[in-house]
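Please find below a colleague's note on the structure, set out as numbered points. The points are meant to be read alongside the sequence and the coordinates.

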Amino acid sequence: MMITKRASLVHSYITCPTLPSSQEASPAHDQSSCSQESALAKQELPRQPTIQADPPETVAVQETPKRQHSHRSKNLKRFSSRWQSKCSANSSNISISATEKLNIAKSHKKRCKLLGDEHSMCTTTSNQRQRYVTKDGKCRVNLGRIEDKSRFISDIFTTLVDLKYRWFLLVFTMCYILTWVAFGGIYFFGAWLRDDIAHVHDPQWPACFVNVDSFLSALLLSLESQRTIGYGHRMVTANCPEGTLLLMVQSILGSMIDALMVGCMFVKISRPQQRAQTLIFSKHCVVCERDEKLCMLFRIGDLRASHMVDAKIRAKLIKSRQTKEGEFIPLEQSEINLGYDTGGDRLLLVEPQTITHVISESSPFWRVGAERLKREMFEIIVILEGIVEASGMTCQARTSYTEDEILWGHRFESCISLDKGAFRVDYSAFDKTFEVQMSLLSAEDRSTANKTEKLCFRK
């Protein structure tokens, strides 16, 4: 009887080493210790957590592994049913919590996309917040579907100039190829109607299109006529007035295409946007004290020797807010005073300039201190405009600063030095800052503290 039980156990299970009663058997441990596993155990125990093995009964030493494994399988079956019930309960809880999170995410989705209040939810997968304007000046605003696209055709010149180079070159090439092929087909059709193709070698035949015997020769006639090459082998004669009229139409149309395409190419190559690549801005914006006033500073510079004419600087604050009536205003723009009332916004951009914004009562940063700056969510758009000295065209350069790029209690290092009777600009120190000791209070709190101190001093 004992041999029969042992044979059945060996047939059903592959024996594993015994475990002490104080140890726990996990699935990873079973896979490493056992060479095989039964199909029944795989069905009943998918991804089982740690399991407490029961101590084996006191039997003969030879039957200890088999008996222990049989008891263990029974315990696994009982634990499997309890584990499945717990998993079903946990899954219901997880589904409820997931539904709640989904509803919350939907309710805040629009505000997060529009620089809302939740800073963590508005970050992208790369832990970078969505910007309104990138550091290199590109606006991150995508236009939606435009139904009335005829407006772009009415302004065909600007539409062609705004095209990317690959599309512009495609349009440039196709304009010439299509006109050559179209008029070549007309020439070939006219020669076929007048029977010039059949009498191409007859010198007595009054041909309208001389030496046109195929479509390829008609295409060459069209190309030579429009580009005024004039090899002299193929030509339009005076034997037919329609040939002369056709040549006049092609010449006028070719001149119009030349004027349009060459003009677009010149404007596209000489666009002042390329001049903005040599106008640089500091990577950070700093907040420090100047003449006992709290100021926000950033630095701009020009890398070219040819200077900008009539350079002007201005800044906008982009921030979403909710009114007292409950209206949500996405991406509201407010002006940041950079000295337009005193003329400080007009620059002589010969060397790097440090632009100053005095945080006064009219400033949007009047109530913002060092601690509140960490909780705020906004974006400062800086726009530099000027006339390119070489071409006389207006150029505009842009950049932006988020709240994470504003350093409280820092100043810019000097990048101007005297070198052999001239001033030398060291652009390696253009973005360098150093920390200074200053209060963390906002401009409003500083003003209140100063007024209180003065009242106490008078008393």
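1. Surface patches are made of residues with over 30% relative accessible area and no salt bridge, nonpolar side chains being joined within 5 Å. In this predicted model, W167, L170, M174, I177, L178, V181 and F215 make a nonpolar surface patch of about 620 Å². The element that gives the most to this patch is helix α7, spanning residues 165-193, with 6 residues.

2. L170 may serve as an example from the patch. L170 has its place in helix α7. Its relative accessible area is 42%, so L170 is classed as partly exposed, and that value satisfies the patch criterion of over 30%.

3. Confidence should be considered before the details are discussed. The protein chain has a mean pLDDT of 77, and 72% of its residues reach 70 or more. Over residues 1-96, pLDDT stays under 50, and the model has 64 contacts beyond four places in sequence for this segment. Residues 115-126 also have pLDDT under 50 throughout, with 27 contacts beyond four places in sequence. Where pLDDT is low, the predicted coordinates should not be read in detail.

4. Which residues does Q226 contact beyond its neighbours within four places in sequence? They are Y176, T179, W180, Q250 and G254. Q226 lies in helix α8, residues 215-226, and is buried because its relative accessibility is 8%, under the 20% cut-off. With one of these contacts, Q250, there is a polar contact between the two side chains at 3.3 Å.

5. The salt bridges deserve a separate point. Side chains of opposite charge can pair when their charged atoms come close. The count in this model comes to 14 salt bridges. One of them joins R194 to E242, with the closest N and O atoms 3.5 Å apart. R194 is in the loop between α7 and β3, while E242 is in helix α9 (residues 241-269), so this pair ties together parts 48 residues apart in sequence. Both residues are partly exposed: R194 has a relative accessibility of 30%, and E242 has a relative accessible area of 43%.

6. A further salt bridge is formed by the side chains of D258 and R227, at 3.2 Å from N to O. Because D258 lies in helix α9 and R227 in the loop between α8 and β4, the pair ties together parts that are 31 residues apart in sequence. D258 is partly exposed with a relative accessible area of 22%, and R227 is likewise partly exposed, at 35% relative accessibility.

7. How far apart are the closest N and O atoms in the salt bridge of K319 with E376? The distance is 2.6 Å. K319 belongs to strand β8 (residues 308-322) and E376 to the loop between α10 and β12, so the pair ties together parts that are 57 residues apart in sequence. The partners fall into separate classes of accessibility: K319 is partly exposed at 27%, whereas E376 is buried at 11%.

8. Finally, R131, K135 and E405 are joined into one network by salt bridges that share partners. A discussion of the model could treat this network together with the pairs R194 and E242, D258 and R227, and K319 and E376.

Key
Residues numbered from 1 in each chain as written. Predicted model: local features only at pLDDT ≥ 70, side-chain atom pairs only at ≥ 80, totals over all residues. Heavy atoms only, no water. pLDDT = per-residue confidence, 0-100. Contact = heavy atoms within 4.5 Å. Patch = residues over 30% accessible without salt bridge, like charges linked within 9 Å, V, L, I, M, F, W, Y side chains within 5 Å. Areas by Shrake-Rupley, 256 points an atom, 1.4 Å probe, with all protein chains shown as cover. Salt bridge = Lys/Arg side-chain N within 4 Å of Asp/Glu carboxyl O. Helix = DSSP H or I, 4+ residues; strand = E, 2+ residues; numbered from the N terminus. Buried < 20%, exposed > 50% of the residue type's maximum accessible area, 1.4 Å probe, protein only. Polar contact = N/O pair within 3.5 Å; in protein donor to acceptor, adjacent residues only side chain to side chain.
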